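Trainee: I would like to go through this model with you, beginning with one of its pockets and then turning to the sheet.

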Amino acid sequence: MPMVAFLQLSVRPFRPQFQSKSISTLSSTRLATIRCSAATSPKRYSITLLPGDGIGPEVISVAKNVLKLAGSLEGIEFGFQEMPVGGCALDLTGVPLPEETLLAAKQSDAVLLGAIGGYKWDNNEKHLKPETGLLQLRSGLKVFANLRPASVLPQSADPYPFKMATASDMMLVSCGLVDASTLKKEVAEGVDLMVVRELTGGIYFGKPRGFSKNENGEEIGFNTEVYATYEIDRIARIAFETARKRRGKLCSVDKANVLEASMLWRKRVTAIATEYPDIELSHMYVDNAAMQLVLNPKQFDTIVTNNIFGDILSDEASMITGSIGMLPSASLGESGPGLFEPIHGSAPDIAGEDKANPLATMLSAAMLLRYGLGEANAATRIETAVIVTLDRGFRTGDIYAPGTKLVGCKEMGEEVLKAVESQFRAAL
């Protein structure tokens, strides 16, 4: 996706545009009718699916169904190709990212990933670890900007919150998940932030790296945190553009009091800020940022930071929302397909037990539509359906609370499908 096109996309929190009515069970006949009602000359996109390991195949299967239905309502057809990556690729081919998988990903319009990793491969050498395949995939696709939203909307007092007449008369609706947060309600409620993480530089990729021995003959391990000016400048511009489309505040997180790489980071972000006089820029050390995310998360609008700090802080931010199983992410480059994935791991302890939360993967599919393909209407259908489903009280185990209905991965997927379908009927 061209960077210019990405910069023109709004990254404000989504606002539902469809009225919800009573929801009935999906049927194949009804689904066929919906598809026939779409445009006679549908747009077609090629999507590479990378289910990966652990719960990955389960959540990808559910997200694929939702993606197909939401697309069909907007006259969109998808061609899906599943390819191995991570641990399953190691078992099949001996490498975590087969050449065929990378080629398929590069030739597609977008890539949707499930999860990577598992206990089975924990003791593998570095180049044979599943996570190495993910790093190689990001590098191969040349995606460098990772967008990770974290929002907690206030709980709706209205049991039927979708009584909205027009798009201009819309209200923010509730996921009712503030009580799932480990933070006090008054701290978590209303949090709405975006972490913009640099994805292809820093200590995860820097050289030299490896193992050696010191002057005492002891084994040592070492890595290099290194950033070039162009790497900092391009992610800074993405972050400033993101903040411009949100609330106009950008916090750059570094460790400039200790690390030379962070000193350059702060210098370059400050320089790029002169191009964005309308954006309020602040700087914060990463240790303080980690504390502030727990103490007062509502102070943040957009955060920009390096690879390793972004990895850690975005996971911390996810728990403010109640569960890491709720948060999607988008990884974009200057051209070519984007990579879309939930930020949770492979959860091998519950793999195959129908306990996984598929919502983060569904919302990643929505980000794929919005940021990867420019199909905002189809994206909104999925986002709205997720909110409807949550407002109707359906919960997987990770976000369950007394008074809600506990469901598994498959049933949660079915409920979201029903909510997507209801949007079509409401428009008739």
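Trainee: Which residues lie nearest the centre of the second largest pocket?

Mentor: Since this is a predicted model, the answer describes computed coordinates. The second largest pocket encloses about 460 Å³ of space, and its lining comprises nine nonpolar, six polar and nine charged residues. Of the 24 residues that line the pocket, those nearest its centre are I116, E131, L134, R138 and D311.

Trainee: Which element gives the most to the lining of the second largest pocket?

Mentor: At least two lining residues come from each of β3 (110-115), α6 (130-141), α11 (307-320) and β12 (338-342). The greatest contribution, five residues, is that of α6.

Trainee: Which are the edge strands of the ten-stranded open sheet?

Mentor: The pairing in this open sheet is mixed, and its strands follow the order β2-β1-β3-β12-β11-β4-β5-β10-β8-β9. An edge strand pairs on one side only, and that applies here to β2 (76-82) and β9 (280-285).

Trainee: Within that sheet, which residue of β10 is the bridge partner of V195?

Mentor: Strand β5, residues 192-198, runs parallel to strand β10, residues 302-305, and four bridges join the pair. In β10, the partner of V195 is I303.

Trainee: What angle does the direction of α11 make with that of β5?

Mentor: Helix α9 (residues 260-272) packs on the sheet, where it touches β5, β8 (249-254), β9 and β10. Helix α11 also packs on the sheet, touching β4 (143-151), β5, β8 and β10, and the angle between its direction and that of β5 is about 155°.

Conventions
Residues numbered from 1 in each chain as written. Predicted model: local features only at pLDDT ≥ 70, side-chain atom pairs only at ≥ 80, totals over all residues. Heavy atoms only, no water. 1 Å grid on protein atoms, 1.4 Å probe; cavity = no way out; pocket = protein on both sides within 12 Å on 5 of 7 lines; lining within 4 Å. Points joined across faces, edges and corners; volume = space filled by probe spheres on them. Nonpolar A, V, L, I, M, F, W, Y, C, P; charged D, E, K, R; others polar. Pairing = 2+ DSSP bridges. Contact = heavy atoms within 4.5 Å. Axes fitted to C-alpha atoms, helices over the stretch in contact; angles between N-to-C directions.
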